[in-house]
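Thank you all for coming; I would like to take a few minutes to go through one model with you. Please have the sequence and the structure open as I speak.

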Amino acid sequence: MQTITYTLDRIDEIAHLLIQEAGDQKIWIFKGEMGAGKTTLIKSLAKALQVADSVSSPTFGIVNEYQTQGKVLLYHFDFYRLDDPMEALDIGIEEYFYSGNYCWLEWAENIASFLPERFFLIELTIESETGRLLTLHHHQNGH
């Protein structure tokens, strides 16, 4: 477990640090209350990975697909409005997880039973209007 405190003016620097910290882990779970900055952090991560598309939370669908300049696909999920976890299976969530591409998940607790055993958890805590605390965990085999 690692903790990082930052202010929003350092978010691009933090995005690069998270990419390094994740290593080869492609499934990332962003956990935090509404307004903690999950989507803002994801936008910065996409920028760091050279995503050409405009990045936003998948408000109407469950998943948005982005492509980097190098033609690598990234998937951004938002399970906040998910009524039934089985909907995640209907969209083929397991295929996304095992695609080898980045899968960034918001509100993953709504599909807890379908999460893979190995993922990178990023917990965001609001410390002030522009300050955040990140707690990073590498989960493996349910630990």
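I will go through one buried strand residue, two loop residues and a charged patch.

This is a predicted model, in which local features need pLDDT of at least 70, side-chain atom pairs count only at pLDDT 80 or more, and totals for chains, interfaces and linings use all residues. Residues are numbered from 1 along each chain as its sequence is written, and side-chain values use heavy atoms, with hydrogens and water left out.

Let me begin with Leu136, which lies in strand β7, residues 131-139, strands being DSSP runs of E with at least two residues, numbered from the N terminus. Leu136 has 2% relative accessibility and so counts as buried, where buried means under 20% relative accessible area, exposed over 50%, and partly exposed in between, with a 1.4 Å probe and protein chains only. Leaving aside residues up to four places away in sequence, Leu136 touches several residues, including Met1, Leu18 and Phe120, contact meaning heavy atoms within 4.5 Å. The C-alpha atoms of Leu136 and Phe120 are separated by 7.3 Å, although the two are 16 residues apart along the chain.

Turning to the loops, Trp107 sits between β5 (102-106) and β6 (119-126), and has a positive phi of about 60 degrees although it is not a glycine. Lys71, in the loop between β3 (63-67) and β4 (73-78), likewise has a positive phi, near 70 degrees. Which of these two is buried, and which is exposed? Trp107 is buried, at 14% relative accessible area, whereas Lys71, at 59%, is exposed.

Technical notes:
Patch = residues over 30% accessible without salt bridge, like charges linked within 9 Å, V, L, I, M, F, W, Y side chains within 5 Å. Areas by Shrake-Rupley, 256 points an atom, 1.4 Å probe, with all protein chains shown as cover. Salt bridge = Lys/Arg side-chain N within 4 Å of Asp/Glu carboxyl O. Lys, Arg positive; Asp, Glu negative; His and termini not counted. Charge placed at Lys NZ, Arg CZ, Asp CG, Glu CD. Helix = DSSP H or I, 4+ residues; strand = E, 2+ residues; numbered from the N terminus.
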